[in-house]
Amino acid sequence: MELASLTSSLLTSLGVAQERFDGGDLVVHSPIDGSLIGRVGAGDKAATEAAIARAHDAFLAWRSVPAPRRGELVRRFGNLLRDHKTDLGTLVTIETGKIRQEGLGEVQEMIDICDFACGLSRQLYGLTIASERPGHRMMEQWHPAGVVGVVSAFNFPVAVWAWNAMLAWVCGDSVVWKPSERTPLTALACRALFERACRGVSEAPAGLLEVLTGGREHAALLADDRRIAVLSATGSCDMGRALAPRVAARLGRSILELGGNNAAIVCPSADLALTERAILFAAAGTAGQRCTTLRRLIVHESIADTLLERLRAAWRRIPVGSPLDTSTLVGPLIDSGAGAAMDAALAEAKAAGGKVFGGETVTVRGCEGGCYRRPALVEMPAQHDIVRRETFAPILYAIRYSSFEEAIVLHNDVPQGLASSIFTRDLAEAERFLSAAGSDCGIANVNIGPSGAEIGGAFGGEKDTGGGRESGSDAWKGYMRRATCTINYSGALPLAQGIRFGLDES
């Protein structure tokens, strides 16, 4: 079946009416073969403002619904995702070029965050605080923040949105979602499933989820609108630099998940078989188009030749092809622009003295319109500027080190600070890497790669990565506002800090 027909069939089975994906101004192509798979309506400024207004009205009603009932809606949505995991996962593969396993894994991640958020709906805890004043009690409460804007990227078109939306909904917020213009079809499918989930929860108002399909102008409108209490944006560092000042100008709140330039330090004691497997997935998975992709390999000089030879042998065997083929491990880049950026980076690395292995164009029969590249392994003499910049493609730069202190300096000497890892069987090295003087990233792993985060831990990074946190741990607080409350039940009015203030009544 051609991709357009398969896409139409999947969208219909997921509950999306044909007029929503056939006939609009926004043209959608599959990176698998470049073919047209949909036409989506792109709203204008008036449509965006109307969507925000509906979401604000929904928030005013939803905030008063008991949190466990809000969790029930998320639970129902999670069950629908279970029922339609295969169809939605296949749609993710068609629209993004991810291999089937990763498409299914992304939907599983949505299911997992639904389970997490449903449990969280009964655990939105505040604090009871001892007061210095007799006959007084203090407490801290958390209330819904308002409308949450979500700007998501093409590489995780549904999972990262779900991290935000599920927490926002159980916290009592409504959601306005601006998906990437490259991947609007999966957003329409999620909206259709969510609308079905809402039909089973009588308290769910219209407008809890609004979807804005179109270009970056919609993201700018979300950043500027005071009704958007929290803007969560995932994308490049440049995107974050453009949106964050606009949100800050109105003293709004933002959660930024931006670029990464993730490294792994490989120590002399590392288990090389385990290390090789971890590097393969972290560097080549999703065709190098994860924010947590392994991009820098900092390997001790005593084992560098052995490890790099093993990696070159593995790189030769990586199956590159259509992501719909179950034997494929690396599918296409999102478009030809990504391929050109990869070629330019490899040329710059070579000019800086790098030895390039792989990276060539791969012709995939029947998918000639796609942009397929073999992953590249590049031995660099030093950490040149090209290594310090993130190229969203399957390029792994390898650099040698001699001392552990040198490895840490190399590791931290990039603008980004998302994910990191170390491979060692030396407990002292592992603990030093995890210490305040070690990795400066938001995610630090030992004997696993930097990618493949679980939803139980808060996800995010530091420096140019933006400093935001999504998903597990206490990330829910980012979608709420805090209120510190004092209750006087004494009949007297002592002031804090022993202050005396009153009129003379003599």
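Strand S4 (residues 136-144) runs antiparallel to strand S3, and three bridges join the two. Helices (H or I, at least four residues) and strands (E, at least two) are DSSP runs, numbered from the N terminus, and two strands pair if DSSP finds at least two bridges between them. The model is predicted: local features need pLDDT of at least 70, side-chain atom pairs count only at pLDDT 80 or more, and totals for chains, interfaces and linings use all residues. Residues are numbered from 1 along each chain as its sequence is written, and side-chain values use heavy atoms, with hydrogens and water left out.

Within the pairing of S3 and S4, Thr128 stands opposite Met139 in S4. These strands belong to an open sheet of three strands, ordered S3-S4-S21 with antiparallel pairing. Because S3 (127-129) and S21 (480-488) stand at the edges, each with a single partner strand, one side of each is left without a neighbour in the sheet. On average, neighbouring strands of this sheet are turned by 25° against each other, direction ignored; the axes are lines fitted to C-alpha atoms.

A further part of the structure is the loop between helix H10 (272-284) and strand S11 (294-300), where Thr286 is found. Ala287 is found in the loop between H10 and S11 as well. Most residues other than glycine have a negative phi. Phi of Thr286, however, is positive, near 55°, and Ala287 has a positive phi of about 50°. Thr286 is buried, with a relative accessible area of 7%, and Ala287 counts as buried at 4%; buried means under 20% relative accessible area, exposed over 50%, and partly exposed in between (1.4 Å probe, protein chains only).

Key
Axes are lines fitted to C-alpha atoms, for helices over the stretch in contact, and angles run from 0 to 180 degrees between N-to-C directions.
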